[in-house]
Amino acid sequence: MSFEKSGDAGRDAWNLGRPAAGNDVDAYHATLPPWVVADEPISRSQANESSVPQAHAPSPAPQTHAPEGPVTPQEAGAGILRGVPDHIGHRPPSYPPHPLSRPSVRDGDAFAAVTPAVLLDGARVGAITVRAASVRGDSHNWEGTCRQDAMTVTRIGPPDAEMLLLAVADGVGSARYSHIGSHRATRLTAEYLDHEAEGIYAALCAQNETELCGLANKAVTGVAHELRAGWQQEARRGDRVHVDADYATTLHVLLVPTDPRVRERALFSVGDGGLFVLAEGRWHHVNSMDDGAMLDTRTEALPHAYSSVKAAVVPTLPGEVLLLGTDGITNPLTQKNPGFADHLAHAWGGPEIPSLSDFLWQAQTRAKSYDDDRTVICVWEEGA
């Protein structure tokens, strides 16, 4: 293996096996073994025969092959080697389907250097099961920059008003420290909403959207103030100027009562991304912006560039699947070609809930032109 220094736009990151011309994706593909990137799925045994010396070839497993189409939840654990994530369309995206280089501590941003390319989480509380994944996008993989998305899965509130808190945040791509903003915003929001949990639970049960919106804005305003104070202090220690916009991030929070008798969920939103509901095989976008305001949510971001937190009471029915995500997944879900939406509806709308590893593989399904970070949290209700 060789390390070559990228010449792309003066970047200093070292990249494993990547050509010196930093944006020549096709040239990079030519250096890869055929089972890593292929126009069509190829089995490891075929690849071994054609490109790997037999002295070093692994012993082939019986009937082990890369997937030829969408893998259903029922096939989980059937001995299928997942390999490269599936893709929608006739050809996969040009970017390699795996992480390449990453930031170095020597670059001066230690937080970026230790941010993992993939974050996987899950939970089961009563009849509710959660699967969550945050994945560095293809463009960030290629550039060697860190994942700017973040997520948090936790529980808040006392036992008689307990809720699952699911939060996703998308750091604004042009903001220098948005990866820090998204990470801290989801975690601090959980703490502030926990302080308001009893009031939120009561407003949710009463379906009082006005009260819910007030409590959400109170909590997120506190989050913004605390985040700003912390970042200002860090800037002073580092002898640099603090700018709120450097940490800009969207934020979406879904609160799910753990009491199965409560069918309503609370959705709090700042910026793009949001909530989808899978019912009868189709995804339906839950739009918390339906308040008559002519507001372009793409301009909304914490801690400074937002007018207010948008809140919605979301009634649910047994059997529905909820999907909370950043625009890395909500954008392809709403594209004109329904292939991506149909693929995930098939994967996540079946009778079985995917394992953590299956969910991650499914969440990485690729589509051309959609190369941003992707964070997705899904909620199933067993026995519904």
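Is Trp380 buried or exposed, and at what relative accessibility? At 6% relative accessibility, Trp380 counts as buried. Buried here means under 20% relative accessible area, exposed means over 50%, and partly exposed lies in between (1.4 Å probe, protein chains only).

This is a predicted model: local features need pLDDT of at least 70, side-chain atom pairs count only at pLDDT 80 or more, and totals for chains, interfaces and linings use all residues. Residues are numbered from 1 along each chain as its sequence is written, and side-chain values use heavy atoms, with hydrogens and water left out.

## The cavity

Rolling a probe the size of a water molecule over the atoms shows where empty space is left. A cavity is a set of points, on a 1 Å grid over the protein atoms alone, where a 1.4 Å probe fits but cannot get out; lining residues have an atom within 4 Å of a point. Grid points are joined across faces, edges and corners, and a volume is the space filled by probe spheres set on the points.

The structure holds 1 cavity of 30 Å³ or more. The largest cavity has about 60 Å³ of space. Its lining consists of Arg263, Arg265, Thr316, Leu317, Glu320, Leu322, Val379, Trp380 and Glu381. By class, that makes 4 nonpolar, 1 polar and 4 charged residues. In this scheme Ala, Val, Leu, Ile, Met, Phe, Trp, Tyr, Cys and Pro are nonpolar, Asp, Glu, Lys and Arg are charged, and the others, Gly among them, are polar.

Strand S15 (residues 374–381) gives the most to this lining, with 3 residues. Strands (E, at least two residues) and helices (H or I, at least four) are DSSP runs, numbered from the N terminus.

## Aromatic pairs

A pair of aromatic rings is described by the distance of the centres and the angle of the planes. Rings of Phe, Tyr and Trp (its six-membered ring) pair if their centres lie within 6.5 Å; planes under 30 degrees apart count as stacked, over 60 as edge-to-face and the rest as tilted.

The whole structure has 5 aromatic pairs. Trp231 and Tyr247 are stacked, because their ring centres are 4.0 Å apart and their planes stand at 5°. Trp231 lies in helix H7 (residues 209–237) and Tyr247 in the loop between H7 and strand S8 (251–257), so the pair ties together parts that are 16 residues apart in sequence. Both Trp231 and Tyr247 are buried.

Phe359 and Trp380 form an edge-to-face pair, 6.2 Å centre to centre with 80° between the planes. Phe359 belongs to helix H10 (residues 356–363) and Trp380 to strand S15, so this pair ties together parts that are 21 residues apart in sequence. Phe359 is buried, at 0% relative accessibility.

Ring pairs also link Tyr177, Trp231 and Tyr247 into a cluster.

## Salt bridges

A salt bridge is a side-chain nitrogen of Lys or Arg within 4 Å of a carboxyl oxygen of Asp or Glu. The count comes to 9. The table gives examples.

| Residue 1 | Residue 2 | N to O distance |
|---|---|---|
| Asp138 | Arg366 | 3.0 Å |
| Glu196 | Lys218 | 3.2 Å |
| Glu300 | Lys310 | 3.6 Å |

Asp138 and Arg366 meet in a salt bridge. The pair links distant parts of the chain: Asp138 sits in helix H4 (residues 138–143), Arg366 in strand S14 (residues 366–367), 228 residues apart. Asp138 is buried, with a relative accessible area of 11%. Arg366 is buried too, at 6%.

Glu196 and Lys218 form another salt bridge. Glu196 lies in the loop between helix H5 (178–195) and helix H6 (197–205), and Lys218 in helix H7, 22 residues apart. Glu196 is buried at 17% relative accessible area, whereas Lys218 is exposed at 53%.

Glu300 and Lys310 also meet in a salt bridge. Glu300 is in the loop between strand S11 (282–286) and strand S12 (310–315) and Lys310 is in S12, so the pair ties together parts that are 10 residues apart in sequence. Both residues, Glu300 and Lys310, are buried.

## Strand S12 and its partner

S12 is mostly covered: 5 of its 6 residues are buried. Strand S9 (residues 264–270) is joined to S12 by 6 bridges, and the two run antiparallel. Strands pair if DSSP finds at least two bridges between them. Arg265 has Val314 as its bridge partner in S12. Arg265 is also one of the residues lining the largest cavity.

Notes. On a 1 Å grid over the protein atoms alone, a cavity is a set of points where a 1.4 Å probe fits but cannot get out, and a pocket is an open set with protein on both sides within 12 Å along at least five of seven lines; lining residues have an atom within 4 Å of a point.
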